[in-house]
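Reader: I'd like to walk through this one with you, helix by helix. Can we start with the packing and then go on to single residues?

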Amino acid sequence: MNKLRPETMERVQKYSAAALLLVFVLFNSLFTPNFFKLQNLSNILTQITPIVLCGMGMTLVISTGGIDISVGAVMAVAGVLTAKLMPDIGVLPAVLVAVVVSILIGCFTGIMVGKLRLQAMVITLGLMLGLRGVAQVLCGGRDIYFNKLGPTGEQLAQWGSYKIGGVLPVQVIPIVLSVAFAWVLVEKTVLGRQIQAVGDSPKSSRLAGIRTVSTLMFVYGVSALLAAFAGVFQSAKVMVAAGSSLGQMAELDAIAAVVIGGTPMTGGRAHVLGTVVGALIMQMITLTCVMNNIPDQYAQVFKAIIIVLAVFIQRGKAR
Amino acid sequence: MRGAEKMKKTLKTVSGLFYSKSTILAFLLLVVVTSIVFRDQNFLSVPNMMNMLLKAAKNGGFLALGMTFVILCGEIDLSVGAVFALSGVVMGLTGRFNPFFGLLCGLLVGVVSGLMIGFMVTKMRISSWIASLAMLFALRGVILIVADKSVVIEGSVLTFAGAKILPGVLPGMSGGISILIPLLFIVTFLCMYLSRHTRFGMGMYAVGGNGEAARMMGINVEKIKIKAFVASGLIAALSGVLLASSSGSATLSAGNIYETYAIAMCAIGGVKLSGGEGKFSGAFFGILIYFIINTIFTYLPSGISVHWQSIIMGALVLISVGVQSEALQEIRLQKRRTPHKAGR
């Protein structure tokens, strides 16, 4: 592969994820019946929500050279907390409380990583175990079903099933907002530059006058915030808040989406739109298999191969 | 004057011990406190201890030892839980033709998966996070492809791990102790020997400490990483084979999210997750601490949710890495050094 001109190589890498997505869309439009049905497209949007939301936060975190494997557990805590508080204080205040709690958790991670210079992976691993336990203790070992919560339960269920104008699923709002927020942050603001600088070299960015601790607090706070919303929307969609299963493996899906999108694990760069493409590819693989009656177990193997290949093609950027 | 000097020296040694042996100290503290608080439950009795060790050997204690190899090299292996499950299933399926062939195939699962991850990490230069994550997805899929329900393990060869040894030697264990317990110790000692007395073991610390420097010193970084992944896979497969063999069936969902627990045990055991620092003995004490807490929860009244266990484990991980934090150690060093050297 070294014989290729470097520019060609670069171009291949830059557009490989998008090209892969295009291949999937083409394949599906040719071979999958009903692919372009509205129902199907809106299903994609609703199913992709947690990956995109967590993926946006994860993109920022990974671009600082860290990792946040607690997002799945944060999703569970936020979902369960909302469901738990909802009947007493109403939907919006409950969501607000869940989000604030999550932000505090994120800031805690940021302080531990920034101030005590502990590895992000260990801190978030501890949080992942601990918060999963908190979520399970909160719901008392039983799943909270929304249809048993009365009017507030139905109100929150709307967050998962409402269609704007009868067509667009309501999940479009968090997706668009989070992507726009992350894109503007990374591409257009000083803070975005600083985040990537911290990922490149924490020491030199500190010497250059960047307040690394507050930058990291912000980044992990945003990651937890988005994870909290992902948890609320996900539980609203399935109409149940389950401490044990809500957001399980969400962190791994998000990491995969980020890496397929071309953000290197070593930090220093953030490709926000790449992550969106990565999340779409992950969803496309599942969808292609489901709609063509390929059993789920084969889909899993297929997914693994695609992830490895996508990352392999882009690894030049990661070095 | 001399006395004061001596006193200072002792203090320094004690504080040094506190930092380097924090895992063992935590372990001892836990044992003492538990045996006092739960003195009615005969916590320190031999059957109870053996029961705890057996639980550790069956439920993924081995995985933490395997994980230590990979973490020492500065990498991570998320696939161990899936290897754990697949090896038992493969052993059961292939063991129908010939039991020894079955055992071999079970262990081969780990070797092959380790080789594949090693290849992806070193030759394709994919981050081990992604490579082993992909392996996790793929192997969980393969498990469901090769078997549709849990596989029965039969025959005297395949159920070898159900055997018990030393009947009547230990008090209260007239039936003997399970063969899994000595195996856990043997594997631990083997790992300790490998890490201290072989080129491979020394190489792991060099690679994990500073990969670039290790390369310049002429260490074959790629070979060592591949070996570490194979070791991790092999131990995970061994563990899965032992569990299936001792329980008489291989469950498809076995070892689900055990990789998380394995990493937590390593972290509690003082294995530094960025690589290059840590000991297998530490990981072993991490395993013990984990399963002591696990045992304590069987003593508690049923009103207390078992999910508190998860919270406590999370807190333990945070505390154990907090104690080992570089920033805290730096503060400690700064106090010792002269002021003008203290800055960083």
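Reader: At what angle do helix α9 and helix α11 of chain B pack?

Author: Bear in mind that this is a predicted model. In chain B, α9 covers residues 199-209 and α11 covers residues 221-247, and their axes are 10 Å apart. Angles of 65 to 115 degrees count as roughly perpendicular, and that is what α9(B) is relative to α11(B). The packing angle is about 105°.

Reader: How do the residues of that contact between α9(B) and α11(B) divide into nonpolar, polar and charged?

Author: On the α9(B) side you'll find Phe200(B), Gly203(B), Met204(B) and Val207(B). They meet Val221(B), Ile224(B), Lys225(B), Lys227(B) and Ala228(B) in α11(B). Gly goes with the polar class, and Lys with the charged one. The split is six nonpolar, one polar and two charged.

Reader: And α8(B) with α13(B): are they roughly parallel or antiparallel to each other?

Author: Here α8 is residues 180-197 of chain B and α13 is residues 280-299, with axes that come within 9 Å. They cross at roughly 155°, and anything over 145 degrees counts as roughly antiparallel. So α8(B) and α13(B) are roughly antiparallel.

Reader: Which residues of α13(B) make that contact with α8(B)?

Author: Start from the α8(B) side, which brings Thr188(B), Cys191(B), Met192(B) and Ser195(B). Taken together, the residues of this contact are four nonpolar, three polar and no charged. The partners from α13(B) are Phe280(B), Ser281(B) and Phe284(B).

Reader: Over in chain A, how many nonpolar residues are there in the contact of α4(A) with α10(A)?

Author: Helix α4 (residues 91-114) and helix α10 (residues 212-238) of chain A pack at about 145°, their axes 7 Å apart. The crossing is right-handed. Their contact has no charged residues and eight polar ones. The nonpolar count is 19.

Reader: Which element gives the largest share of the side of chain B that touches chain A?

Author: The contact between the chains takes 36 residues from chain A and 41 from chain B. On the chain B side, the elements that give two or more residues are α7 (128-146), α12 (258-268), α14 (308-323) and α15 (326-336). By class, that side has 27 nonpolar, eleven polar and three charged residues. The largest share, 13 residues, comes from α7(B).

Reader: Which element gives the largest share of the largest nonpolar core?

Author: This core has 207 residues, and those with the most contacts inside it are Val74(A), Ala267(B) and Val317(B). Beyond its close sequence neighbours, Val74(A) touches Ser102(A), Ile105(A), Leu131(A), Ala224(A), Ala227(A), Ala228(A) and Gly231(A). With 16 residues, the largest share of the core comes from α10(A).

Reader: Is Leu180(B) buried or exposed?

Author: Leu180(B) sits in helix α8 of chain B. Leaving out residues up to four places away in sequence, Leu180(B) touches Leu54(B), Ala57(B), Lys58(B), Ala161(B), Leu242(B) and Ser246(B). A residue needs 20 or more other C-beta atoms within 10 Å to count as buried. Leu180(B) has 24 such neighbours, so the verdict is buried.

Reader: How far apart in space are Thr288(A) and Val25(A), C-alpha to C-alpha?

Author: Thr288(A) belongs to helix α12 (residues 272-291) of chain A, and with 19 C-beta neighbours inside 10 Å, Thr288(A) counts as partly exposed. Apart from its neighbours within four places in sequence, its contacts are Phe24(A), Phe27(A), Asn28(A) and Thr32(A). Thr288(A) and Val25(A) are 263 residues apart in sequence, yet the C-alpha to C-alpha distance is 9.3 Å.

Reader: What is the phi of Asn293(A) near?

Author: Most residues other than glycine have a negative phi. Asn293(A), in the loop between α12 and α13 (296-318) of chain A, has a positive one. With 6 C-beta neighbours inside 10 Å, Asn293(A) counts as exposed. Its phi is near 60°.

Reader: Where is Ile257(B), and what is its exposure?

Author: Ile257(B) also has a positive phi, near 50°. Its place is the loop between β4 (249-250) and α12 of chain B. With 16 other C-beta atoms within 10 Å, Ile257(B) is partly exposed.

Conventions
Residues numbered from 1 in each chain as written. Chains lettered and ligands numbered in written order. Predicted model: local features only at pLDDT ≥ 70, side-chain atom pairs only at ≥ 80, totals over all residues. Axes fitted to C-alpha atoms, helices over the stretch in contact; angles between N-to-C directions. Helix = DSSP H or I, 4+ residues; strand = E, 2+ residues; numbered from the N terminus. Left-handed = near helix turned anticlockwise from the far one by under 90°. Contact = placed C-beta atoms within 7 Å. Parallel < 35°, antiparallel > 145°, perpendicular 65-115°, else oblique. Core = buried A, V, L, I, M, F, W, Y, C linked by C-beta atoms within 7 Å. Buried ≥ 20, exposed ≤ 12 C-beta atoms within 10 Å, placed from the backbone.
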